[in-house]
Amino acid sequence: MVWTLLKWGVPALIVATLAGAFLTKKTFHVETVIEAPAETVWAVLMDTPSYPEWNPVFVEAKGDYAQGAKLAYKVRDPNGKLLEMTGNVVTLAPLRELRQTGGVPGLLTFDHRWLLEPVDGGTKVIQHEVDRGLGLWFWNSDWIEPSYAKTLEALKERVQTKRAP
């Protein structure tokens with residue numbers, strides 16, 4: 001009985017845990033339209049030293065966006081706590097897409113994208129993120145999407161300020 005449990009139970013538990021780690025996912029998506037050309041929006045996003053001046057979530061970004069670059073961030077949660085994280089730039093398509101990934105595979109990973117699309121009257125700006133891993137079972141991520149919405153509003157304000165005469 002014990003041998004049967006060990007023989008089939010332990011491997012089944014391992015498979016279930018690994019499957020849960022890699023199949024568990026949560027998606028966050030926010031978007032807005034900014035009345036400005038993509039060049040202006042992109043310039044603000046790429047200016048990492050200015051993040052502390054306008055970005056309520058990514059309050060510090062160390063490094064410059066470049067294909068293959070690794071950036072260090074300080075992220076402010078809704079309680080004011082600063083979390084440190086790093087992101088690896090896997091896609092940098094000027095004026096269209098900035099994609100970063102990071103985390104610990106199986107535990108908690110993120111795949112975050114800034115997408116810019118030209119639309120009548122300006123630029124549609126999208127933040128889209130997919131998080132995966134066992135950590136999602138234990139981490140309350142309810143604050144992520146509202147925080148990203150605040151970031152988009154702050155980006156819109158920053159772009160409008162930059163365009164003001």
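## Burial and overall make-up

Of the 165 residues in the protein, 39% are buried. Keep in mind that this is a predicted model. The secondary structure adds up to four helices and seven strands, and reading from the N terminus the elements go α-β-α-α-β-β-β-β-β-β-α. As for how the chain folds back on itself, take the contacts between residues at least 6 apart in sequence: 53% of them join residues at least 24 apart.

## The sheet

The seven strands make an open sheet, in the order 1-7-6-5-4-3-2, and the pairing is antiparallel. Strand 1 (25–34) and strand 2 (58–62) sit at the edges with a single partner strand each, so one side of each has no neighbour in the sheet. Ignoring direction, neighbouring strands are turned by 25° against each other on average. As a bit of background, strands of a sheet pair through backbone hydrogen bonds, either parallel or antiparallel.

Helix 2 (residues 38–46) packs on this sheet and touches strand 1, strand 4, strand 5, strand 6 and strand 7. The direction of helix 2 makes about 155° with that of strand 6.

## Who pairs with whom

Let's go through some of the pairings. Strand 1 and strand 7 are antiparallel and share 10 bridges; here K25 has R132 in strand 7 as its bridge partner. Strand 6 and strand 7 also pair in the antiparallel sense, over 11 bridges, with F110 standing opposite D131 in strand 7. These two strands form a hairpin with two residues between them, and G121 in the turn has a positive phi of about 90°.

Over at strand 4 and strand 5, the antiparallel pairing runs over five bridges. N88 stands opposite T101 in strand 5.

## Strand 7 and T123

How many of the 11 residues in strand 7 are buried? The count is eight, so to speak of strand 7 as mostly covered is fair. T123 lies in this strand. With a relative accessible area of 1%, T123 is buried, because the cut-off for that label is under 20%.

T123 has plenty to look at in the contact list. Leaving out residues up to four places away in sequence, T123 touches T32, V33, I34, A36, P37, A38, V41, L116 and E117. The C-alpha atoms of T123 and E39 are separated by 9.4 Å, with their places 84 residues apart along the chain.

## Two more residues to click on

Is G63, in the loop between strand 2 and strand 3, buried or partly exposed? G63 is partly exposed, at a relative accessible area of 34%, because that value falls between the 20% and 50% cut-offs. Once residues up to four places away in sequence are set aside, G63 touches T48 and L71. From the C-alpha of G63 to that of Y73, 10 residues apart along the chain, the separation is 9.0 Å.

R158 is in helix 4. Charged or not, R158 counts as buried, with 15% relative accessibility against a cut-off of 20%. Its contacts, again without residues up to four places away in sequence, are V44, S50, E53 and W54. R158 and V44 are 114 residues apart in sequence, yet 7.6 Å apart in space from C-alpha to C-alpha.

## The largest pocket

Now for the empty space. Rolling a probe the size of a water molecule over the atoms shows where such space is left. The largest pocket comes out at a volume of about 480 Å³. Its lining has 27 residues, and V75, M85, F110, E129 and W139 lie nearest the centre. The elements giving two or more residues to that lining are strand 3 (70–76), strand 4 (82–93), strand 5 (97–104), strand 6 (108–119), strand 7 (122–132) and helix 4 (144–163).

Which element gives the most to the lining? That is strand 6, with five residues. Broken down by class, the lining has 17 nonpolar, seven polar and three charged residues. F110 turns up twice in this report: among the residues nearest the centre of the pocket, and opposite D131 in the pairing with strand 7.

Note on methods
Residues numbered from 1 in each chain as written. Predicted model: local features only at pLDDT ≥ 70, side-chain atom pairs only at ≥ 80, totals over all residues. Heavy atoms only, no water. 1 Å grid on protein atoms, 1.4 Å probe; cavity = no way out; pocket = protein on both sides within 12 Å on 5 of 7 lines; lining within 4 Å. Points joined across faces, edges and corners; volume = space filled by probe spheres on them. Nonpolar A, V, L, I, M, F, W, Y, C, P; charged D, E, K, R; others polar. Pairing = 2+ DSSP bridges. Axes fitted to C-alpha atoms, helices over the stretch in contact; angles between N-to-C directions. Contact = heavy atoms within 4.5 Å. Buried < 20%, exposed > 50% of the residue type's maximum accessible area, 1.4 Å probe, protein only.
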